[in-house]
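Trainee: Please take one part of this model and examine it closely. I should like a single connected account that begins with the local backbone and works outward to its surroundings.

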Protein chains: 2
Amino acid sequence: MGDVFKALADPTRRTILDELADRDDQTLFEICSRLLTKHRLDSTRQAISQHLDVLEAAGLIDVRREGRYKFHSINRAPLEHIADRWLGRS
Amino acid sequence: MGDVFKALADPTRRTILDELADRDDQTLFEICSRLLTKHRLDSTRQAISQHLDVLEAAGLIDVRREGRYKFHSINRAPLEHIADRWLGRS
DNA sequence: TTGACATGCAAGTAGCGACTTGCCTATGAT
DNA sequence: ATCATAGGCAAGTCGCTACTTGCATGTCAA
């Protein structure tokens, strides 16, 4: 559960979530190119790949394999109640 | 705004917020002792003080000075909509 | 099968962040 | 005035993390 907060701590990972919230089911290379063009982020493929690993470990993205492609989708479940802890919406 | 996520990334700081959510208006020493007794966290006074600085910089706690005392209170405002960014509750 | 494409793995580097350590300031009680 | 209390400041250490680098694996098209 603390993994969610750690995952959200990085601005690049938050931008990746933004991008996946805008368009679901993207491959690693799609994410890389859209981060570069839309968000002016020029990160390496490997860097983005590691960020995706962190997001997946935190349960913030789901992964679907198809041949040599790997599609990533946002999973909003861990985000639903992260702040309720202090907002009394338990 | 990214400061909020970075502030929440540390488990000790989240516990401090828990403690302030339970009892408002505590001094540094009160927070230290209650972290130790209630949450089994034995951190140094300086460590806690630095955590409080981070939380204050992120706008997550408010501070009130009174003589040689400094009282800390939780500020829930930054927590209200941090997840709405991806939950479409804009 | 050969080659191009999409991704994975792993070791190394650099910088940030949590924590320590030591000393200093200031307030208030006696 | 003296002393204990509450807190502040700053340099240094250590570990984690983001990022790089280089190579390996696997899939598909020709």
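Mentor: A residue is called buried if 20 or more other C-beta atoms, placed from the backbone, lie within 10 Å of its own, exposed if 12 or fewer do, and partly exposed in between. This is a predicted model, in which local features need pLDDT of at least 70 and side-chain atom pairs count only at pLDDT 80 or more, while totals for chains, interfaces and linings use all residues. Residues are numbered from 1 along each chain as its sequence is written, and chains are lettered from A and ligands numbered from 1 in the order in which they are written.

The part chosen is the loop that carries B:R40, which lies between helix 3 and helix 4 of chain B; helices are DSSP runs of H or I with at least four residues, numbered from the N terminus. B:R40 is exposed, because 8 other C-beta atoms lie within 10 Å. Its backbone deserves attention: B:R40 has a positive phi of about 55°, although it is not a glycine. Most residues other than glycine have a negative phi.

On either side of this loop stand helix 3 (residues 28–39) and helix 4 (residues 45–57) of chain B, whose axes come within 10 Å and cross at roughly 110°. Helix 3 of chain B is therefore roughly perpendicular to helix 4 of chain B, a label given to angles of 65 to 115 degrees. The axes are lines fitted to C-alpha atoms over the stretch in contact, and the angles run from 0 to 180 degrees between N-to-C directions. The crossing of these two helices of chain B is right-handed, that is, the near helix is turned clockwise from the far one by less than a right angle.

The helices touch through named residues: B:L28, B:I31, B:C32 and B:L35 of helix 3 meet B:R45, B:I48, B:S49 and B:L52 of helix 4, contact being C-beta atoms, placed from the backbone, within 7 Å. By class, this contact has 6 nonpolar, 1 polar and 1 charged residues. Here Ala, Val, Leu, Ile, Met, Phe, Trp, Tyr, Cys and Pro count as nonpolar, Asp, Glu, Lys and Arg as charged, and the others, Gly among them, as polar.

Looking outward, 15 residues of chain B are in contact with 15 residues of chain A. Helix 1 (2–8), helix 2 (11–22) and helix 5 (84–87) of chain B each supply at least two residues of that side of chain B.

Key. Angles under 35 degrees count as roughly parallel, over 145 as roughly antiparallel, 65 to 115 as roughly perpendicular and the rest as oblique. Two residues are in contact if their C-beta atoms, placed from the backbone, lie within 7 Å.
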